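Reader: I should like to understand how terms used for a protein model are justified. Please set each value against its definition.

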Amino acid sequence: MHIETDVLIIGAGGAGMYAAIEAARRGAQVVLLDRSLIGRGGATVMAQMTVAAAVGEQTPDHWEHHLADTLKAGRGLCDPALSRLLCEEGVECIREMDAWGVGWARVPAADDAPPKGLRAVMAPGHDRARCVYVDFLNTGPAVSRTLRTQVIRTPGIRRVGDLVVTDLAMREGRCAGAIAMHAPTSKVVSIAAKATIVATGGLTRLYRRNSASVNMGGDGYALALRAGAELIDMEFVQFFPIGHLAPRLIGMDPIMWDPFRYKLGGRLLNGEMQEFTERYGMAESGTYIVTRDLATYAITKEVEAGRGSPHGGAYLSFQHCDAAELRAAFGPVIARLAKQGIDLTRDAIEVAPIAHYHMGGVRVDTRMATAVPGLYAAGEAVGGANGANRLSGNAITEAFAFGRAAGRSAAAAVAKPGVAPWDGALSVAEAALAGGVVRTLPFNPAEMLVKLQALMADDVGPFRTAAGLTRALEQLSAMRATLGEFPPRAGDSFDAARLDWLDLRNMLLVAETVARAALLRNESRGAHQREDHPGLEAHWAVNQVVTLKAGALGITQRPVPQAQEAHA
Amino acid sequence: MNRDGNTTLTATLTIQRGVPGQAARTETREVPFEAGQSVLDGLRWIRSHDDATLAFRFSCINANACKECMMQIDGKTQYACTARLEAREMQIAPLPNKTLIRDLWTEIAPSDERLD
């Protein structure tokens, strides 16, 4: 099957949907596809809160203040032009989302007064209250639903779900579209496009404990890398310090405690029920100000010192809050917790670091253009805006601002006269990768995925050593050899084992980029902590850029781009 | 035996399998049971320990955000991620009112978001 379009967008989370709306309203024909259902998979729908932007309706603010905090959090590695785009255009996107009826929380007004401006909360690393949200724990679902509605209302966007892209189609040095496998039928589909936007999100599924959906295996990084694009800052994986650990909850996102902390503070306690973050340089005292990298470090070190909670994390306690206060802040969520036997006025829960976000990604300019003609990226798939550590609340803002920028650039590019569209003809290897070959896998691919997640968590997690990283690279190499060259084909229907094989192909490549970049960076900075190189080194204030040439990964160090003076 | 010295509990999942045009068959699998697990956890355990060909839809794993893992559990339509796994026999079948693709995987995409 063959499809032709102006703009192809891979991934229908926040970035992909915003890109689709922007490209279509600028006149381009758009195909928006997702390996899952449109607007349901990916990371956006799972975001519970918050979205950082200097809207300044509750507390005076300016995007320059947000930019200063973003650059500071990034520990010297941000591309300031990308960070600026996030902070500056993010404000406009928040207002546009408001106009589309997302339902951002508002400052309460007196009974007879008109509604006040957007409510903002304080989050770690920000100099003022800057994070908007949708109650209760509903930011991601509200954002996804709002964008999906706009996508449906905007003429010129064709939506296709359950389509798994296996490779970008490179023709005469350009990205000419993509090759995909239709999950329910195992049919091979070619999509010719004048511009292609990778909006596939991050790579947190590489880790055992993660807050990701199954779609977050870094597919977009692998697609872009194989097509000849560059990746940047791949060693920087953000671990969210207080992912839910115990007791086991069902049907709740592990990031759920974050908004509780924004609203109510909460106390982080070790296994001896004592506060401990001050031991690692920052006291909390019931507030929520300790940055993510420091909190991850503090919890991990307490566990190593034998002072962890029973399941190997820390306690999070809201016992200082009374029932009415909890109910006011979290309404229906309190009842959902009660159904699972948790009463926060009485019980401390256990939390531990969990893979949450990837700072690295596809290297782009401020048009979201990659080094490959015709190929763009957007959202978490992009690297560079957040440097070595992402500021709380910047991920959804980045999805909006970068999605919009990518849609704008792609629409401008396709408006110019271009080459004739690709006819969809495939090489033998492209067809075999998308369609599979008749073979019996000598291993269980779902089991290999679990092993990959374990080895990444154990040796390529937030705390790394040369020995562990070397061990991980050896295991990754062995797994790649076991995987073989082509996926299996079982028939003309949904094929779960083949999907795992295709995911492993991408995940093993992306895992190797993370481990190699981490092994080279002989220092500790932000989310990359080397136990054998504990200090930050001035000469490592550089970005690492990854390329794939003739099957071999190459990594070079480049100076961090400097801020340009704003053009009048 | 688990670490408390008790006999290990298991959940027994009887799962309807197959593709349209084949006579539906059921397969019974035993899954180690831990309190607090979901039915989705049990199905994922089967894939990584036993049979990677078992087909079912899910995306967000545990957040009840993607709403993709809907199936029939003991005759009732439920999300596998919020239905608790129990240490007894449980019947798992695909949604009865959706087109079956394979095993528990059904066509649930809105019709205008399908390929053909």
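The following exchange takes up burial, a bent helix, domains and contacts in turn.

Author: This is a predicted model, in which local features need pLDDT of at least 70 and side-chain atom pairs count only at pLDDT 80 or more, while totals for chains, interfaces and linings use all residues. Residues are numbered from 1 along each chain as its sequence is written, and chains are lettered from A and ligands numbered from 1 in the order in which they are written.

Reader: Why is A:Met368 called buried?

Author: A residue is buried if 20 or more other C-beta atoms, placed from the backbone, lie within 10 Å of its own, exposed if 12 or fewer, and partly exposed in between. A:Met368 has 31 other C-beta atoms within 10 Å and is therefore buried. Its phi is positive, about 70°, although A:Met368 is not a glycine.

Reader: What makes A:Glu172 exposed?

Author: A:Glu172 has 8 other C-beta atoms within 10 Å, so it is exposed. A:Glu172 also has a positive phi, near 50°, and is placed in the loop between strands E6 and E7 (174-182) of chain A. Such strands (E, at least two residues) and helices (H or I, at least four) are DSSP runs, numbered from the N terminus.

Reader: How do you know that helix H8 of chain A is not straight?

Author: The expected span is 1.5 Å times one less than the number of residues. For the 17 residues of H8 (323-339) this gives 24 Å, yet the end C-alpha atoms of the helix span only 15 Å. A kink of about 115° lies at A:Phe330, shortly before A:Pro332; the bend at a residue is the angle between axes fitted to the seven residues ending there and the seven starting there. Just after H8(A), A:Gly341 takes a positive phi of about 85°.

Reader: Which domains does chain A have?

Author: Domain bounds come from an automatic or database domain assignment. For chain A it gives domain 1 (2-237 + 356-415), domain 2 (239-355) and domain 3 (437-534).

Reader: What makes residues of chain A and chain B count as in contact?

Author: Two residues are in contact if their C-beta atoms, placed from the backbone, lie within 7 Å. In this sense 38 residues of chain A are in contact with 32 residues of chain B. H11(A) gives the most to the side of chain A that touches chain B, with four residues.
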